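Please open the structure in your viewer and keep the sequence at hand. The tour below proposes a series of selections, each followed by a short account of what is found there.

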Amino acid sequence: MKLIVAEHAGGKLTKATLEMVAAAQNAGGEGPVTLLVLGQNVAAVANEAAQYAEQVLVGDSAALAAYNPEVWAAAAAQIAQEGEASLVLIGGSRSGREYAPRVAVKLDAPYLEDATSLSVNGSTVQAQRYTYLARVTETVEASAPTVTVTVKPGSFAPAAPAAAAGEQYDVELELPAARTQVTGRSVEKTSRVALTEADVIVTGGRGVGSPDNFATYVEGLADRIGAGVGATRAVVDAGWRPYAEQVGQTGKTVQPKAYIALGVSGAVQHLSGMGKSKFIVAINKDAEAPIFKVADYGIVGDVNQIVPALIEAAKK
Amino acid sequence: MNILTLVRQVPDAEARVKVSGSAVDLEGATLVIDGMDEYGVEEALRLREGGANVESITALAIGPKRNEDALRTALAMGVDRAIHVETDEKLDAVALSRVVAQIAQAENATLILVGGQEADWDSQALGAATAERLGWPQLTWTNELKVEGDTISGRHDVDDGNESFSAPLPAVVTTQQGLNEPRYPTLPNIMKAKRKELRKDSLDTYGAANTVRVVNAEIQTRARMNRVIDGKDPQAAAEQLLDLLRNEAKVLA
Ligand SMILES: Cc1cc2nc3c(=O)[nH]c(=O)nc-3n(C[C@H](O)[C@H](O)[C@H](O)COP(=O)(O)OP(=O)(O)OC[C@H]3O[C@@H](n4cnc5c(N)ncnc54)[C@H](O)[C@@H]3O)c2cc1C
Ligand SMILES: Cc1cc2nc3c(=O)[nH]c(=O)nc-3n(C[C@H](O)[C@H](O)[C@H](O)COP(=O)(O)OP(=O)(O)OC[C@H]3O[C@@H](n4cnc5c(N)ncnc54)[C@H](O)[C@@H]3O)c2cc1C
C-alpha cells in the first residue's frame, strides 16, 4: 500500500493531506492509497478521509490525544510494517519533518525530505526538493522496499473526492508513553485566510515602522484586498507579530499568486520562503533593496505614504 | 554530562551557488560554520558557564575535509575537543545518524545539539534520526534551554505557535536563531584551539552506507519583470500598481 499519515486540525483534513493524496495517486507504484488517521475522537475526520482514499485506517485513542513525535513515529512505523507499505508519506510540516526521520530509522527505510514532486518506478522512488535556501532544485532517489517521504505543502494540487467511499478499519496500536511533557502552549490564531492557502499575501517588514503601523498598513491593505498577512523574522523577533505569520527559512514557505512585501529588505532567508510566488510586489524606500531584484512590480517610496494611497485606490 | 555538538562547514547564506554538470559546485564559495550549528556550540558553552554539570563538550563533524574549519571554529569558541569523521561521500541523514549514534555512545554523551535546519541541504532530519537510533526523546526548533539534574526544559516552536517542554536526559535538541547570540572566537582562544585535540576517524569503522542519491541539481531562476515605479507621487504610483495587478497580472479583482 501507499500509506499517508493524515494531518488534521479542527476536525478536518488539512489541504496538505489532500495534496499528499494527489501525490500518492499520481506517483505510480502499486497498492491502494491508504490514509492513516491518528487522534482521539476522529470519526468525522475518518469519514472525510474515506472520500479521498481507497482505505482508511483509524487509530482513535486517548494516547493519541496530543501529537508527540515518538508516539506518532511508532504508530506510522507499525502500520507501514503491517501493511508492507512501499511508500510512507508524511506532511512536510514542522511536526511531520520532526517525526518522519524516526519512522525512516524504525523501518530502516531511505528518507526523501520535503519533496515537491514524486514518482515511483519499481522499487525506485524519485523526488525533487529545494536546497540551498530554495535556490537549487535537486532530484533525489532511493531504491528500497519501503521509502519514507515528507511532502512539501503547496507542491501538489489537492485531490478531489472519489466517486466511491473507501473502506474504514480500526487499528490496534502499540504506543510508547510520551516522554516529553508539554508544560505550556501559546497558539497563534488568525481570523484571516491561512498563509499557506492564501492567493494573495501582504507581508510587512521592519520598514513598516511600528506594531501600530503594521495594523494600519499591512492588515489594512490585506483586509481591503482579502489577503493573508505575513511578517519577516525581524518583525516577529521584535514582538510586533506572532510567529505563525513568519515567512522564510525558519517560518512558512508560501507560493501565492501575488506576494506584496511592504518595508521588507529581501534577505536570502526571507526569499527562500516566498521566492516561488507567481508575482512579487515590493514597496521599499531604498531602490537598492535586494527585494527589488526578485520583484515583478515595485514602488520606490515610503510605506507611510504609498500604502494609504493604495488602500484608498483599492476602494474603487 | 557530556555534550556532543554537531557542526558543518557550508556556503555562506549570501554566497552565490553554482551548478556544474548535475551537482552543486562549491568551488570559490565562501564557506562558514553553519549558523544553526553555531547556536548549538554556543548553547553548550553557556550551559557549562551557567553552572550546569558539564564534564565535556565535544564537537563532531562528518563529511569532507572542509569541515575541519567548522571544528576549528567550534574549538576556538571554547569546546574541549573535536572529532572529524572524514569522508567525501555525501551521506543522507538516516545514514549519518548511524555514525552520530555510535559516537554518542562511545563518548557517553547525554545531550546532543544539532542545527535545526542545514544551510545547504535544508534538511531537518539528522537530530530526529539520531534520537530514534539512540531511543532518546528529541526537541526541535528550540529557542530556550535549561538543564536541571537529569531534566531539560525550555521552549520550542511548533506548527502553530510555541510550547514549553520538559524532558528527561539523555536527549537530542535541535537549535535555531533566537536561542542565543554565538560568541566570536578571540585571538588567544584561536591560538589555544590549535593545541586542542582534533581526532580523525575513518567512516569505515561505522558501517554507514548512503541510501539517497542526488541525481540532478538545477538553479531555479524565474525571470522577474522588475517594473519599478517611482513613488514621488504616492497616489499616481498606487493607482498604477493597482492597475498592473488587476489588468496585467490579473491577480486582484
Ligand atoms: C538562520 C536564520 C534564519 C532566518 N530566517 C528568517 C525567516 O524565516 N524569515 C525572515 O523574514 N527572515 C529570516 N532571517 C532574518 C533575515 O536574515 C533578515 O534579517 C530579515 O528577513 C529582515 O527583515 P526585514 O526585511 O523586515 O528588515 P530589514 O532587513 O531591516 O529591512 C527593512 C527594509 O525596510 C525598508 N524601509 C525602512 N523604512 C521604510 C519606509 N518608511 N518605507 C518603505 N521602506 C522602508 C528598508 O529600506 C529595508 O529594506 C533569518 C536569519 C537567519 C540568520
Ligand atoms: C537573493 C538571490 C539569490 C540568488 N541566488 C542565486 C544562486 O545561488 N545561483 C544563481 O545562479 N542565481 C541566483 N540568483 C539569481 C541571480 O542573481 C541572477 O538572477 C542570475 O544568475 C542572472 O545573473 P545576472 O548576472 O543577470 O545578475 P547579477 O547582477 O549577478 O545579480 C543580480 C543581483 O542579485 C543578487 N544576488 C545574486 N546572487 C545572489 C546570491 N547568491 N545571494 C544573494 N543575492 C544574490 C545581487 O544582489 C545582485 O546584485 C539569486 C538571486 C537573488 C536575488
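In what follows, buried means under 20% relative accessible area, exposed means over 50%, and partly exposed lies in between (1.4 Å probe, protein chains only). This is a predicted model, in which local features need pLDDT of at least 70 and side-chain atom pairs count only at pLDDT 80 or more, while totals for chains, interfaces and linings use all residues. Residues are numbered from 1 along each chain as its sequence is written, chains are lettered from A and ligands numbered from 1 in the order in which they are written, and side-chain values use heavy atoms, with hydrogens and water left out.

The theme is the salt bridge, a side-chain nitrogen of Lys or Arg within 4 Å of a carboxyl oxygen of Asp or Glu. Over all chains, the structure holds 37 salt bridges.

**First selection: Arg98(B) and Asp108(A).** These residues form a salt bridge whose closest N and O atoms are 3.5 Å apart. Arg98(B) is partly exposed, at a relative accessible area of 28%, whereas Asp108(A) is exposed, at 54%.

**Second selection: Glu118(B) and Arg8(B).** Their side chains meet in a salt bridge, with 3.7 Å from N to O. Both Glu118(B) and Arg8(B) are buried.

**Third selection: Arg192(A), Glu219(A), Asp223(A), Arg241(A) and Glu245(A).** Salt bridges with shared partners join these five residues into one network. Within this selection, turn to Arg241(A) and Glu245(A), whose side chains form a salt bridge of 2.8 Å, N to O. Both Arg241(A) and Glu245(A) are buried.
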